[in-house]
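Trainee: Please pick a single part of this model and go through it closely. After that, place it in the rest of the chain.

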Amino acid sequence: MDIAYIPSPSHGVVHLGPIPLRGYAFCIIIGVFVAVWLGNKRWIARGGRPGTVADIAVWAVPFGLVGGRLYHVITDYELYFSDGRDWVDAFKVWQGGLGIWGAIALGAVGAWIGCRRRGIPLPAWADALAPGIVFAQAIGRWGNWFNQELYGKATDVPWALHITSATDGRVPGYYHPTFLYESLWCVGVGLLVIWADRRFTLGHGRAFALYVAAYCVGRGWIEYMRVDDAHHILGLRLNDWTAMVVFLLAVIYIVVSARLRPGREEVVEPDGDTPDGDAVALDKKADDKADDKADSKADSKADAEAAETTDTKSDAKKPDAKKPDAKKLDAKTDTGSDEPAQSKEPVKPSESVKPSESEESVGSAKGEAESAKKV
């Protein structure tokens with residue numbers, strides 16, 4: 001019976017002349033670019049400087065690739081060091097085989113080195129990058145589709161994955177596309193982290209811890225569906241145990257961190273911009289202007305006080321124009337009035353009764369007028 005299915009690519013690599021172009025490698029590279037691009041936007045929104053995420057990614061990505069490969073080789077060592085195997089294949093990353101647990105662990109070491117060199121807190125950088133990392137995982141999982149690997153149990157669902165390769169013990173048939181399940185789960189986790197970060201203002205590494213915890217939940221049930229060879233402990237695959245342990249650690253971190261360091265970092269990078277973009281930049285300018293005005297007022301007040309002090313000293317040196325003369329005050333005191341003091345010498349009689357020339361002329365004029373009336 002014909003059923004609908006997801007076809008697998010006939011080739012995972014295309015040769016451009018002598019240069020092989022591998023689908024797995026392209027998925028990893030695209031995922032890294034998406035993580036850095038989104039992480040840079042979130043970092044700037046939190047007050048960081050443009051380009052910081054990329055500068056630290058230069059350290060984190062190589063460490064992450066090495067860590068992811070080491071985890072895969074250690075947990076599946078029989079693929080490279082058992083009889084009939086070539087240990088050189090352990091270095092062929094393009095053939096697939098990157099463990100996300102090792103990639104995150106050793107990538108965090110590289111990020112710590114980069115953050116330390118820039119003088120910024122690693123938890124804040126991890127929070128900004130968390131959604132981008134999980135979106136990168138969603139893209140990278142399509143590299144498993146190109147390599148026809150990491151599929152689930154046989155199924156006849158309409159979205160079954162058609163495996164056509166028979167290399168490395170594969171059996172052609174129709175299987176659960178676990179790569180697709182994990183890719184979709186990762187997209188959901190990324191959206192969850194973005195929403196929770198905006199809703200609860202996560203900080204101090206809690207957004208990153210939420211990503212880790214949510215991813216582990218999905219990885220648990222997806223890992224249970226896979227049929228590729230893996231080490232088992234108490235009936236569960238090794239990656240299931242890893243997911244449970246990492247989940248518990250992430251939840252504990254969220255709880256303890258929320259109690260010890262609530263809220264979000266106010267400053268994530270020295271000499272960086274403040275969060276919320278232009279609005280906060282304008283507030284900063286306004287604060288600067290207010291400070292300038294305050295300084296100007298303080299200077300004006302100091303100048304005024306200095307001028308007042310100088311005037312006071314000048315007034316103290318000048319004689320008081322309104323202050324009465326001491327001799328005049330003595331004169332007033334002696335006479336008992338405000339009139340100027342007069343001479344105490346007696347007036348001579350002759351001088352006091354002698355008429356003035358004007359009075360004599362007036363008297364003679366009056367006499368002549370009376371004589372005229374009589375006549």
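Mentor: Helices and strands here are DSSP runs, with at least four residues for a helix (H or I) and at least two for a strand (E), numbered from the N terminus. The model is predicted. The part I will take is helix α9, residues 238-260.

Start just ahead of the helix, with L234, which sits in the loop between β6 (232-233) and β7 (236-237). L234 has a positive phi near 55°, although the residue is not a glycine. Is L234 buried or exposed? With a relative accessibility of 77%, L234 counts as exposed, because the label applies over 50%.

Now the helix itself. The 23 residues of α9 should span 33 Å at 1.5 Å a residue, and the C-alpha atoms at the ends are 33 Å apart, so the two values agree.

Next, its covered residues. N239, D240, T242, A243, A250 and S257 are buried in α9. The cover over the buried residues of α9 includes α2 (52-75), α4 (100-118), α8 and β7.

The helix also has residues at the surface. L248, V251, I252, V255, V256 and L260 form a nonpolar surface patch with about 540 Å² of accessible area together. An α-helix has 3.6 residues a turn, so residues three or four places apart point the same way. Two members of the patch can be checked against the cut-off for membership. V256 lies in α9 and has a relative accessible area of 40%, so V256 is partly exposed. V251 is in α9 as well, and its relative accessible area of 33% makes V251 partly exposed too. A patch takes residues with over 30% relative accessible area, so partly exposed residues can belong to one. V251 also has a spatial relation to a residue well separated in sequence: its C-alpha atom is 7.2 Å from that of A209, 42 residues apart along the chain.

Two of the covering helices deserve a description of their own. α8, residues 206-225, has 20 residues and reaches 30 Å from first C-alpha to last, close to the 28 Å expected at 1.5 Å a residue. Of its 20 residues, 14 are buried, and α8 is mostly covered. Ahead of α8 is the loop that joins α7 (178-200) to α8, and T201 is found in that loop. T201 is not a glycine but has a positive phi of about 50°. With a relative accessible area of 40%, T201 is partly exposed, because that value falls between the 20% limit for buried and the 50% limit for exposed.

α4 has 19 residues and reaches 26 Å between its first and last C-alpha, close to the expected 27 Å. Its buried residues are I100, W101, G102, G107, G110, A111, G114 and C115. They pack against α2, α5 (122-140), α8 and α9. The relation between α4 and α9 therefore appears from both sides: α4 is among the elements that cover the buried residues of α9, and α9 is among those that the buried residues of α4 pack against. After α4 comes G119, with a positive phi near 75°.

Then the strands elsewhere in the chain. One open sheet has three strands in the order β1-β4-β5, with mixed pairing. Its edge strands are β1 (5-6) and β5 (173-175), each of which pairs on one side only. β1 and β4 (residues 160-163) run parallel, joined by two bridges, and Y5 stands opposite A160 in β4. In another pairing, β2 (residues 13-16) and β3 (residues 19-22) are antiparallel over four bridges. H15 has P20 in β3 as its bridge partner. β2 and β3 make a hairpin with two residues between them, and G17 in the turn has a positive phi of about 65°.

Last, the chain as a whole. It has 13 helices and seven strands, and 32% of its 375 residues count as buried. The exposed area is about 24300 Å², of which carbon and sulfur atoms supply 62%. Of the contacts between residues at least 6 apart in sequence, 72% join residues at least 24 apart.

Terms used: Residues are numbered from 1 along each chain as its sequence is written. This is a predicted model: local features need pLDDT of at least 70, side-chain atom pairs count only at pLDDT 80 or more; totals for chains, interfaces and linings use all residues. Side-chain values use heavy atoms; hydrogens and water are left out. Patches are made of residues with over 30% relative accessible area and no salt bridge: like charges are joined within 9 Å, nonpolar side chains (Val, Leu, Ile, Met, Phe, Trp, Tyr) within 5 Å. Accessible areas come from the Shrake-Rupley method with a 1.4 Å probe; for residues, only the protein chains shown count as cover. A salt bridge is a side-chain nitrogen of Lys or Arg within 4 Å of a carboxyl oxygen of Asp or Glu. Buried means under 20% relative accessible area, exposed over 50%, partly exposed in between (1.4 Å probe, protein chains only). The expected span of a helix is 1.5 Å times one less than its number of residues. Contact means heavy atoms within 4.5 Å. Two strands pair if DSSP finds at least two bridges between them.
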